[in-house]
Amino acid sequence: MTKRHGYALLSAVIAMIVAVSAAIYVGVGFDDGAARDTLAGGRGPQNNPAAPASTGVWVGAWSTAPAGAEPGTETQGMAGRSVRNVVHAGVGGTAARVTLSNLYGQQPLNITHASIAVAATANNAAAAADTMRRLTFGGNPSVIVPPGQQVVSDAARLLIPHNTDILVTTYSPTPSGPVTYHPTARQISYTAQGDRTEDVTGVPYAAQTRAWRYLTAVDVLSNESEGTVVVIGDSLTDGVTASMGENRRWTDALAGRLRDRARDRDASDGPRYSVINQGISGNRLLAGGGGRPAGNPSGLNRFDRDVLGRTNVKAVVIALGVNDILRTPHVTDADKITAGLRELTRRAHDRGLRVIGATLMPFQGHRGYRPHLEATRQAVNAQIRSGDIFDDYVDFDEALRDPYNPRRLNPLYDSGDHLHPSDRGYKEMAKKFDLDMLKGAAPAEL
């Protein structure tokens with residue numbers, strides 16, 4: 001064999017090893033809330049049909065921020081019941097993994113059975129044919145999540161189309177104390193008595209809830225996306241006035257625009273990103289709720305977990321500050337708010353991430369409005385527009401304000417409470433977003 005042929009053979013062997021290694025996924029681990037990717041050997045998910053090795057990158061298909069402990073679950077948790085969360089995947093993939101959180105739990109959460117499936121139809125507890133997969137954790141069908149921590153499942157091979165609902169089900173036979181949840185889902189999820197984790201009919205799931213329990217993320221192995229955009233915000237991002245079960249938050253509309261852009265050959269150099277929503281209703285930038293850990297934690301408190309800890313983050317959108325002004329005790333010093341925004345930008349820049357900020361929308365007519373609060377809002381927006389807080393910004397204020405009274409929302413976009421947009425308003429927010437802002441030069445030195 002010649003030396004040249006020997007090098008060629010060695011290169012081929014190395015390429016084969018790399019290809020095989022890239023097809024092995026294990027994503028299980030306990031931590032204090034920062035999701036991490038782990039590449040290691042290990043058994044694949046049980047009860048999964050054989051499938052060829054997939055290619056692509058891991059991105060966030062859906063996520064939500066844990067917001068507190070669910071009232072009424074302090075003792076029993078969800079013992080003896082199957083919890084079927086219905087979530088919406090903005091991008092598709094060929095494999096999936098989930099994150100389960102016991103952040104607000106006071107005792108270990110014992111998950112003995114978990115599954116993932118594609119929903120048969122939107123807003124439905126039934127699974128599409130041949131899509132039910134058992135989830136495993138380090139190769140095991142059960143896992144115990146310590147209080148204050150979370151766990152990431154192994155990857156399950158499952159073809160997930162983009163823009164579709166996913167069912168993630170967990171069963172815990174024993175009391176676990178407070179349930180970690182996100183109360184404002186704008187999506188109907190379900191519970192059933194007993195272990196109905198792999199039920200495909202949906203019939204046992206008679207009880208409905210408008211909250212997401214335990215589940216905080218679904219990642220997919222995707223060829224549609226090359227990274228994740230994380231949006232951190234309050235109820236305006238959480239979408240509290242969006243139509244129930246129709247995925248009409250402004251972040252949903254932004255995800256749709258990015259999908260359309262990616263299919264446009266003339267814009268092939270544009271961002272190919274998924275979008276995940278880390279909004280919490282009532283959230284403030286500077287102050288959080290009580291308790292340990294804090295309920296409805298401040299943006300400063302939760303940024304590392306809810307934003308930097310998500311999967312394959314490429315850009316961050318920050319839409320916080322309105323509640324600091326509007327809620328008691330009112331923050332009327334604009335410099336305090338902008339200092340908090342700069343701190344979030346600094347943390348993101350430390351990770352090499354691009355940061356887009358959002359101006360604060362008007363709220364005259366809302367029950368919390370006071371004339372002197374408007375001056376603070378305007379002062380914050382002036383600093384955002386000056387360009388010395390974020391790498392770039394989207395002007396939601398300009399997009400949705402009343403042209404005849406800039407202190408109020410345009411009636412065309414007002415949900416009726418003079419603070420939150422309607423479906424039409426959310427769509428207009430996404431329309432205002434310049435997609436090219438999400439990719440660009442390295443983070444500015446601000």
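A cavity, as I'll use the word today, is a set of grid points inside the protein where a 1.4 Å probe fits but cannot get out. Hello everyone, and please keep in mind that we are looking at a predicted model. With that meaning of cavity, the structure holds 4 of them at 30 Å³ or more.

Let's begin with the largest cavity. Its volume is about 90 Å³, and 14 residues line it. Nearest its centre lie Asp 234, Leu 236, Ala 319, Thr 359 and Phe 396. If we sort that lining by class, we get 10 nonpolar, 3 polar and 1 charged residues.

Now to the second largest cavity, where I'd like to spend the rest of my time. The space in it comes to about 40 Å³. Which strands each supply at least two residues of its lining? They are S13, S16 and S17, the last of these running over residues 215–222. S13 gives the most, with 3 residues. The whole lining divides into 6 nonpolar, 4 polar and 1 charged. Among the lining residues are Thr 64, Thr 180, His 182 and Trp 212, and we'll meet all four of these names again in a moment.

So how are the strands here arranged? S3, S13 and S16 form an open sheet of 3 strands, in that order, with antiparallel pairing. S3, at 68–69, and S16, at 212–213, stand at the edges; each has a single partner strand, so one side of each is left without a neighbour in the sheet. Between S3 and S13 there are 2 bridges, again in the antiparallel sense. In that pairing, Ala 69 stands opposite Thr 180 of S13. As a general reminder, strands of a sheet pair through backbone hydrogen bonds.

Let me finish with one residue of S13, namely His 182; the strand covers residues 180–182. Is His 182 buried or exposed? His 182 counts as buried because its relative accessibility is 1%, and the cut-off for buried is under 20%.

What does His 182 touch, once we set aside residues up to four places away in sequence? Its contacts are Thr 64, Ala 65, Ala 67, Ala 211, Trp 212, Asp 238, Gly 279 and Ile 280. Thr 64 deserves an extra look. Along the chain, Thr 64 and His 182 are 118 residues apart, yet their C-alpha atoms are separated by 7.2 Å. Their side chains also make a polar contact, at 3.0 Å. And both residues belong to the lining of the second largest cavity.

Thanks for listening!

Definitions and conventions
Residues are numbered from 1 along each chain as its sequence is written. This is a predicted model: local features need pLDDT of at least 70, side-chain atom pairs count only at pLDDT 80 or more; totals for chains, interfaces and linings use all residues. Side-chain values use heavy atoms; hydrogens and water are left out. Helices (H or I, at least four residues) and strands (E, at least two) are DSSP runs, numbered from the N terminus. Buried means under 20% relative accessible area, exposed over 50%, partly exposed in between (1.4 Å probe, protein chains only). Contact means heavy atoms within 4.5 Å. A polar contact is a pair of N or O atoms within 3.5 Å; within protein, one must be able to donate a hydrogen and the other to accept it, and residues adjacent in sequence count only if both atoms are side-chain atoms. Two strands pair if DSSP finds at least two bridges between them. On a 1 Å grid over the protein atoms alone, a cavity is a set of points where a 1.4 Å probe fits but cannot get out, and a pocket is an open set with protein on both sides within 12 Å along at least five of seven lines; lining residues have an atom within 4 Å of a point. Grid points are joined across faces, edges and corners, and a volume is the space filled by probe spheres set on the points. Ala, Val, Leu, Ile, Met, Phe, Trp, Tyr, Cys and Pro count as nonpolar, Asp, Glu, Lys and Arg as charged, and the others, Gly among them, as polar.
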